[in-house]
Amino acid sequence: MPFNVRPEIQQPVRDMIKEIGPQIQEMGRSEDRKPDSFSFDIFRLLAAKGCVGYVMPKEYGGGGRTALEYATMIEEIAYWDAPSSLLAAVSQLAVDPITRVGTDEQKKAIIPKSAKGELIPAFALTEPNAGSDAANQQTTAEVDGDNYVINGEKIFIMHGDVAHVGVVFVKIQEEGVRDKISSVLVDLNLPGVKKATLMHKMGMKYATTGRLWFDKVRVPKKNLLGEPGKGFKYAMQTLDGARIGIAAQATGISQRALDESVKYSKERIAFGSPIAKLQAIQWMIADMSTKLEASRLLTYKAAALQDAGEKFTVEASQAKLFASEAANFCVDRAMQIHSGYGYIGEFSPIEKLYRDQRVAEIYEGTSEVQRLVIAGNVLRG
Ligand code: CAA
């Protein structure tokens, strides 16, 4: 039984996800075998259950849940099907800065529909030459009367291929903010916007990743999100919270890898007894369960700090760094324990888990970026 910091809060979340777990797992298995395309079926199911709008503000139609409840929900969904946890989480990436700095009009236009899953928003930060170095944004917004004219390209944008609206990070070509980053809301169905699905992803196939091109896209100036020149700060604040989500996702994956390994090692007979009797297997199980518990505690700690309104940048990066590397370890050990029955997808979920988990060490800041964030903050004191 996974540890609960606050059982009265977390248990109902676990129970809710248990109701749809087997269904999303089954749907995920079948989506995974198709060429990469966004799973509207799973997305709608999660939205109907309230998972997509889970932490969006109540006054704008969201669930108004806490970061701890959110982390628990993502962990549980990832246990059943990791890509489904992304389908549930990604809309929040774009809604987060809108909630924090958007006008009432912007919030009303985007949050209620996003919470219901009727509108898909995307967080468009990364560019071909601005990945880890997110400050090196090249997308520009020229000022033309009451409009911005946007030119540039974004890549690795989660759900960008199917999104209706983007929080797009740009450099507004105006005195005083030319070299700084700003954020603008862009209708992604406007003339001049081109979208594509990035194909042949290793895992997480049906929570798609997109590419966006902007060619002289005219957007009203009232679509500026927050203050000009503050976009980098907004992006970093959003990523702080999102990194807890990735840590939770990785924790769910590790739990699944452990549970599958325990079950299999008790059933599989070799050398006359279940392989669970072998010390070689026991050591793997011990290491997996220890890393899993540490991942969970770091994740809950970061979420609890966020809920308490305290600074949690370092804790979110620590949780994301540790939990994603632990998931890699746990799934790799699960593969070793299952051997051929792990490597071949028709026998167990391990082959799919292996592909799905790997990106946790890459997106929303690589492990190297998390180390930069942690070291920078620790050294500053
Ligand atoms: N909260 C608030 N402000 C912050 C902040 C935070 N967490 N982190 C930095 N800032 C502010 C700093 O205070 C500083 O402000 P001032 O200029 O006013 O002093 C400013 O931002 C610049 O800070 P740094 O000098 O630390 O910034 P940097 O350029 O050295 O970058 C970095 C640091 C950590 C490497 C950063 O670029 C980074 O996080 N890169 C990774 C980006 C990332 O995670 N990308 C993933 C995108 S989302 C995704 O994966 C796709 C998807 O759709 C899921």
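How far does a backbone N or O atom of methionine 158 lie from an oxygen atom of the ligand, in Å? Select both and you will find 3.1 Å, a polar contact (a pair of N or O atoms within 3.5 Å).

Before moving on, a word about the model. It is predicted, with local features needing pLDDT of at least 70 and side-chain atom pairs pLDDT 80 or more, while totals for chains, interfaces and linings use all residues. Residues are numbered from 1 along each chain, and side-chain values use heavy atoms, leaving out hydrogens and water.

Next, select serine 132: one of its backbone N or O atoms lies 2.8 Å from a nitrogen atom of the ligand. Now try arginine 243, where a polar side-chain atom is 2.8 Å from an oxygen atom of the ligand.

Then show the whole shell of 22 residues around the ligand, each with a heavy atom within 4 Å of it. Ser132, Asp240, Arg243, Glu364 and Gly365 come nearest. Colour the shell by type: twelve residues are nonpolar, six polar and four charged. Here Asp, Glu, Lys and Arg count as charged, Ala, Val, Leu, Ile, Met, Phe, Trp, Tyr, Cys and Pro as nonpolar, and the others, Gly among them, as polar.

Finally, switch to the cartoon view. Strand E3 (147–158), helix H6 (231–267) and helix H11 (367–380) each give the shell at least two residues, and H6 provides the largest share, seven. These labels are DSSP runs, of at least four residues for helices and at least two for strands, numbered from the N terminus.

Note on methods: A polar contact is a pair of N or O atoms within 3.5 Å; within protein, one must be able to donate a hydrogen and the other to accept it, and residues adjacent in sequence count only if both atoms are side-chain atoms.
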